[in-house]
Amino acid sequence: MLKFIGKRTVQNILVFIVFLTATFFLLQAQPGDITDQFLSNPKITPEVRQQFAERLGLTGTLWEQYVRYMKNFFTGNLGVSFSEYPKEVMDIIAERLPRTLALFLFATFLAFIVGFKSGKLLAWRRGKRGEHVITLTGVFFQTVFYPWFAVVMIWIFAFFLGWFPAGKFLTVDKWLTAERTFDANAVFDRMLLTVLAVAVLIIAAEIIGRRMNSRVAGRRFIWGTRVLTLIALVVWWEAVWPEMIPFALDIAYHLVLPTVTLSFVGFGGWMLLTRASMLETLREDYILTARAKGLPDKVVRDRHAARNALLPVTTSLVIGLAFLIGGGVVTETVFSWPGMGQTLLSAASQQDIPLTIGAFAFIAVLALIAHLVVDIMYMYLDPRIRVGG
Amino acid sequence: MTQPRKLWTWLAVIAVFALIAAACGQGTPTETTTSTTAAQSSTTTTEGSTATTAPPAAQGFTYKMGIFNDLTTDNYWAYIGPESEVWNGYVLGSQHPALFTLAYPNIIHVPDLATGAANTPEEQADGTWTVTQEIRKGYMWSDGTEVTANDLVFTYNVVKDFGLGGNWPSTFNLYVPETPDDPATTDVDESAPARDGVTNIEAVDDYTVKVTFSAQPGISMWQNGIGFAPFMPEQFWGPIVDEAKNSDDPAAALYAASGEGEPSAGGLIYAGREPGAFAKNVANQDAYYAGTTYTFYADGSFRQANADKGFDEVYYGDGTGDVTLEYTDGPYAKDVLYSIYGDQNAALLALKSGEIDFMLTPLGLQSGLKQEVLDSPDLSLIANGSNGFRYLAFNMRKSPMNIREFRRAVGCMIDKEFLQQLLQGAIIPAYSLVPAANTFWANPNTEQLCKGLSGQERFDTAMGMLKDAGFTWDVEPQYDADFASLVPGTGTGMKDPDGNPVPEMEILAPGAGYDPLRSTASIWIEQWAGQLGIPAKAVPTSFSVIVDKVFAEGEAAKDWDWYILGWGLGDPSFPDFHEAFFASWQDSAEGGFNTPGYSDPQVDEWAQDLLAATDVNTARDIVHKLDAKIVEDAPYVVLFQTPVLEAYRNTLIFPFTDTLDGLQNLSGLPTSVQMQQ
Amino acid sequence: MTTDLHQSTEEMLAESLWKVRLKLAWRSFRKGWASFVENRIGLLGLGIIALYGLMALAHPILLDTVWDPRVYDPIIGYDAPATIKTIVPDGQVTDPETQVSLLEARLINPILKVGETLEIREQPASPSRKHLLGTDPLGRDVLSQLMFSTRAAFLLGVVASLVTVFIATTVGSVSAFFGGLIDTFFMRLADLILLVPFLPLLIVLSALFQFGLLHLALMIGILGGFGGTAIILKSQALSISVKPFIDAARIAGGGKMHLIFRHIIPNVLPLSFLYMMFSVTDAISIEATLSFLGLLNIDMSWGIMIYQASVQGYLLSGTKYWWLLMPAGLSVTLLAGSFFLVGRAMDEIINPRLRKR
Amino acid sequence: MEHILEVNDLTMHYTVKEGEVMAVDDVSFALGRGEALGLVGESGCGKTSVAMSLIRLLADNAEIQKGSIVLDGVDLVPLVEEEMRTHRWADISMVFQGAMNAWNPVYKVGDQIWEAMQTHFPLMTESEARERIAELFRLVGLNPAMMDRYPHEFSGGMRQRAIIAMALSCNPKVIIADEPTTALDVIVQDQILKELKKIQQELGMSIIYISHDVAVIAEVSDRIGVMYAGKLVELGPTDEVFPRPRHPYAYLLLASTPSVKGPRRKLAPLEGEPPNLLHPPAGCRFHPRCPFATEVCATDEPPYTEVDEGHIVACWNWEQVPELGRLEA
């Protein structure tokens, strides 16, 4: 199991190196030197340009450039931003990454859960009334012109109904009036840490619980941990960061609309995929066995059919994730969510090449990590890989 | 087995609801503007009417404005340096004093720190020129320290020693000694002549500044150069500068420092920001000019008076006669909030709901929102001219663009009034380089080429010009009243006076995505040129590529034909941009700003005179001459400027709203705005 | 004599082989069509595509005949209902039909004064008999823009998908047939491309290079062709290359190229065609998204239409200026969705894995 | 002999676009307590359809048209799904063909067995269940520790043993073994069959074997039923049917199979394919392939004739059928 994870990690790192190499050659292939773009920019003096060139590794032979470029990347030296000179690209990314992570994680989670559940039900009631309508709905969400859809969502929920705020990630008045010693990123970081801790605890409990020989004890352990984790979460925030709770809730409230909107990107695809996968699974012999055993329909559907239908869905999760990341760029732009996607876009439109490449590399890292997580998840879901054999 | 899962689902659902409920609970609007004790009367002005004076008591409200991008820095060094984004300026622009400032809305050059009008520089025995200027006593930083001459010396030294870039060099106009060519390094002759400028700034005493120039300074170097240079608080920046000196890149280290906690001498004190969300200033009630009454008279004189500080000064006249505008500065607001919005739609919604009072945006309101504002009873809409222009430039290094009549013929065909109609007020036709709204400097007699002519008349005039210049066609174009045949028009085989065929030309213009106005103009210009048989083709090109091409140096300067871009003009109180854009030594092929490659000895001479001018009236004459000459020669065809539309809540009371570039240019008047009870 | 005979037999054989192939193709097409017709959702998609295809074809004809280009040209057409109004001081407008307040007049031209007249033009104008979908803020006919952009959408989609399929089919077949290092290289490359988020990559590319419609189509085609589609087509090619008739052809002395082009590729083509549909979907939405983000240098497209409405502040006007946002947004969705639906329907017919259902 | 299961006139049809498929047509038989009944026939003869009808796991388009399935006094046919569910596995369980795919790959084998027990005996504690599974494992010749393993860790034979253990787990009254050993290699096949038989005899179970493989059926069943095209064409004690089939189809089927036991005999090919049940031939459904067919066979359906006690056959010309091995090719 560890070997598998290790192998995948190494593979992903290799892929990243190849990716960086490709980026390097992309920069090389660009007409002229990237620093030429700033000939007319009064902000950038020739010395600064030279410095950029050096930091981006654009001096010396091609091989020297390449080596320096790679070294810089892996030491976190992504250069300085042109548009926010002399801020380090790394610092800008560090500021915006948590916001994107929050959006991305919640939206992925939501899209996957809802997409999977509805795909499951859709397959189960195949041939019944309403199936066409639901399929068309799924196709609609899969192919809808997303920016337009996001605008419509804002218009409906933020303008027309006024349920959710638009175009901010916090309520300014609330943050303004309060005496506080922390900034929004501190709250974001803690929220992410909490989610991560909860996820790790729950997953660990699951793994330990499944290893127990007694099923009942295992299940009790898993559920106990889940409940305890939730309690611990509340207690921890109350005890350690009580002053942040209202602010965290404020951010969470602002997260709702972009998250839901973004989740629609993944939702349709995953629903259709789950449906197809589930239909295939339902033809399997073990479904017949399960039914022959006299198991209730719901158990057959959820525990047997859906559980196995999950496997192919998980493998194609990666493609969905790439989609979702692309959707994230649009979401951040439309919702003015100051995260990586917005950074990438504004950097690209201002021709801030170091920041563009930096943001893009981080988005790619995000995709790679998501890929790795999916791999591990798949391994965990499929005992044939997990237990070897 | 299904039981626990259900429980889990419910728990999750409850948790989510709790979150939302809590957030909603906290999100319900609480009364944010507290009423105040200070009584106030409204002060508004319309043409000619006199405003009443309000007491200088703070009302204690929060003035909330929307901005559309995060600040990229909170460090004033960086703002004047590489981070000259307007968003930084809105927040950081009101904290640092200078010797002089501009009094709006009339754009009058008046003393700030200086005790009186600018002194005249005097020539010294060694050929240098010096000027001394006294500064006021009791002008305090918000930390209680007095602003002294040493602060300017400190600022000057940092700019010089660190080689600060951005707008610092043009503010201080540092003297650059001659660069001798070092033949060892390259084959290219790198020698450069010395550039005149400031050679030294010293403090004669705490309250006297002495500036030394290498040659006689013009207005742009003294009154509008050093005169506008900010005084940076040495007590705050000194240690940071010392630390930066020891780093590899002192300038970058200085720029990277945080400006939070920096004392202010202006009406606002920077009070921090929440990245991605908002920034904040608090009012500085102890500011020197807090509570000062400003009076503008019809004869052009200007009075600033403050009983508390014990001054009552009149400039440019004797301060009698009709008062056109009078108002008393605050700050009335207790603090100023700059809230970041992603787009104007969201900000307009916030404006309607009272979440913000005003939105700061350099280009003004988007036209689609105009009606929305007009329809809203809570909002007011104002429109002002902008300090800039969009233009069509020709590459005069190539034929036929080097032929004056050719350029004028194209210029004549361009029906700017039609474009104004087409774009429904999104543009204002412009004919002169200095915006007409800048009345003091604009030349009312600058030629308005073919203005008001009908299509047929334009065509005939333009054809006349071309024929006079010796252009011929295989098939001569005919005026097509119906305009039915689009490009390439009826004329074919156009030849220049030497008989060479006129080549296909490209009109580089930003695409519809970047700027629909310029894109639309380029498409129409293609049509109009086509009517004359001129094979020009509009090519939507990204902004940076156009800039790249047209500023390319050396032979590459010939790689483009026509392009459409715009200039935002700097200091409206001294428009000396003619030199930068049209002097022959500014040729972009050699790294300057003169993209057309325009070269005219007369213009060069005037340009030099302008830079050397020491009094405003002389300068104005020169600007008028330059403007007229250049417009007639048409290296640029000035196309249009854009009006700045702005919306604010009716609860706000501005002392004036008619001002070049709109209220955003004055950062929303944060220290003089008042709010109705 | 003998050689002649030999040759003619070969010719005959060759000809008849093509005839056989053609017949087979026709038969399988008819069979496929019969099953396709049964799939109502797929048929719906095909109907919508046909509708848009008609719109694209009709546009130049309309401009040549009934539509005056000065009014209906999608880029430089102009038409705005105009009324002459007299300027009166603010707050004294008694008859909005003939009078306009100074404030509003000055928004159009700041140098106007009370008493002067002003031509007020309605733009954007709401739908009317003359402009079925109204006009945009520049007074251009929205329907004409919509139809004009349809052509661009099809062009983009077709170029992108042809490039995708051409590359993917070649890469897939070659990888499957040769295996080994070539296979490894292309498959790892495909993995890499799959992993990199598409839209951010295109954003980066648009920052580095100048992007027009054709560049974009080629880019999407190349990325798609070397990406996921190659993997799918390779596995299809692989399942074909192990079939007995390939061995038979090999034993009969068929060269490698002969095998690939005469036997493997023709059998991969149906699936290729299927993936063409999906790549059209991708191409259309990507172009619209990039246009919406203002990253493309093109005059007119559905994405540009929405982008222009957005930068001019009509984005959140809701239902008030619906014709500026809805037609273009829906068109992107509908056309992309239709290709997807057709792809799905074809999937059920062509994809052997699903056929047995 | 007391009957645990009585099937009377069972008729089951599938509805497809082209019409009705008569998968099971008027099939009647009875199963005695502790008896092993074998159903044999080519693929597509309706054996599995019979099995699926018995446990009522039919596809959506299938319907039992008439007949009754009386299991220990309860007719299963009219039961609603929820009632039927409680009978499955508790009263009638199944050993599926294709042992690999009958296990859900993502759960441990023991858990999958326990799942069935938990459904039908909710009061059983976990330790009791584990004990029971261990016992079952030992019974079928598996190491009880294997219950905490996943299906893919089992070999084919082990999986099939575990399937048998699962089928036994709820003490069903009847077990249907549908091609229990088809996918296994011959040695394992034999082992498992012996094991099954042993268990059946030890526990006195009633079991229905279904296989296309005459040899398998002959080895394990007390009685044998031969199915052709949805019809039961011959039913009788194995001792009688096997050496002396009376129906031509049974005869040809046996003749085409090499006998493991008994005297060597000449093999005869069975030509043709079973008919399409959408449009079965009129009269005797076997007549197009039957070497003994007469005119009547093509028009009238043959009635059941009792050729011996407990040995019935549906053929007009059963008397024409020679002894095995006598037929000249």
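**Notebook: patch, helices and backbone in a predicted model**

I began with C:W33, which sits in helix α1 of chain C. The model is a predicted one, and I kept that in mind throughout. I checked the accessibility of C:W33 next: its relative accessible area is 40%, so it counts as partly exposed, the class between 20% and 50%.

I then looked for its company on the surface. C:W33 belongs to a nonpolar patch with C:W26, C:F29, C:V37, C:L43 and C:L46. I noted about 560 Å² of accessible area for these residues together. Two elements of chain C each give two or more residues to the patch, α1 (2–38) and α2 (40–64). Which element gives the largest share? I found that α1(C) does, with four residues.

Still in chain C, I turned to a helix pair. Helix α5 (residues 142–178) packs against helix α11 (residues 256–292) at an angle of about 145°. I read their axes as 6 Å apart, and the crossing of α5(C) and α11(C) as right-handed. I sorted the residues of this contact by kind and got 19 nonpolar, seven polar and two charged.

In chain D I looked up helix α1 (residues 47–54). Is it enclosed or open? Seven of its eight residues are buried, so the rest of the structure largely encloses it. I listed the buried ones as D:K47, D:S49, D:V50, D:A51, D:M52, D:S53 and D:L54. The lysine D:K47 is thus on the buried list too.

Next came the backbone angles. Most residues other than glycine have a negative phi, and most peptide bonds are trans, so I noted the exceptions. Just after α1(D), D:R56 takes a positive phi of about 55°. Further along chain D, D:D72 has phi near 50°. I placed D:D72 in the loop between β4 (62–71) and β5 (74–75). Its relative accessibility is 31%, so D:D72 is partly exposed.

Chain B has an entry of this kind as well. B:N173 is not a glycine, yet its phi is positive at about 45°. I located B:N173 in the loop between α5 (168–172) and β6 (198–205) of chain B.

Last, I looked up cis peptide bonds in chain B. One runs from B:Y104 to B:P105, with omega near 5°. B:P105 lies in the loop between β2 (100–103) and β3 (108–111). Another runs from B:S399 to B:P400, and for this bond I also noted omega near 5°. I found B:P400 in the loop between β17 (388–394) and α10 (404–413).

Conventions. Residues are numbered from 1 along each chain as its sequence is written. Chains are lettered from A and ligands numbered from 1 in the order in which they are written. This is a predicted model: local features need pLDDT of at least 70, side-chain atom pairs count only at pLDDT 80 or more; totals for chains, interfaces and linings use all residues. Side-chain values use heavy atoms; hydrogens and water are left out. Patches are made of residues with over 30% relative accessible area and no salt bridge: like charges are joined within 9 Å, nonpolar side chains (Val, Leu, Ile, Met, Phe, Trp, Tyr) within 5 Å. Accessible areas come from the Shrake-Rupley method with a 1.4 Å probe; for residues, only the protein chains shown count as cover. A salt bridge is a side-chain nitrogen of Lys or Arg within 4 Å of a carboxyl oxygen of Asp or Glu. Buried means under 20% relative accessible area, exposed over 50%, partly exposed in between (1.4 Å probe, protein chains only). Axes are lines fitted to C-alpha atoms, for helices over the stretch in contact, and angles run from 0 to 180 degrees between N-to-C directions. A crossing is left-handed if the near helix is turned anticlockwise from the far one by less than a right angle, and right-handed if clockwise. Ala, Val, Leu, Ile, Met, Phe, Trp, Tyr, Cys and Pro count as nonpolar, Asp, Glu, Lys and Arg as charged, and the others, Gly among them, as polar.
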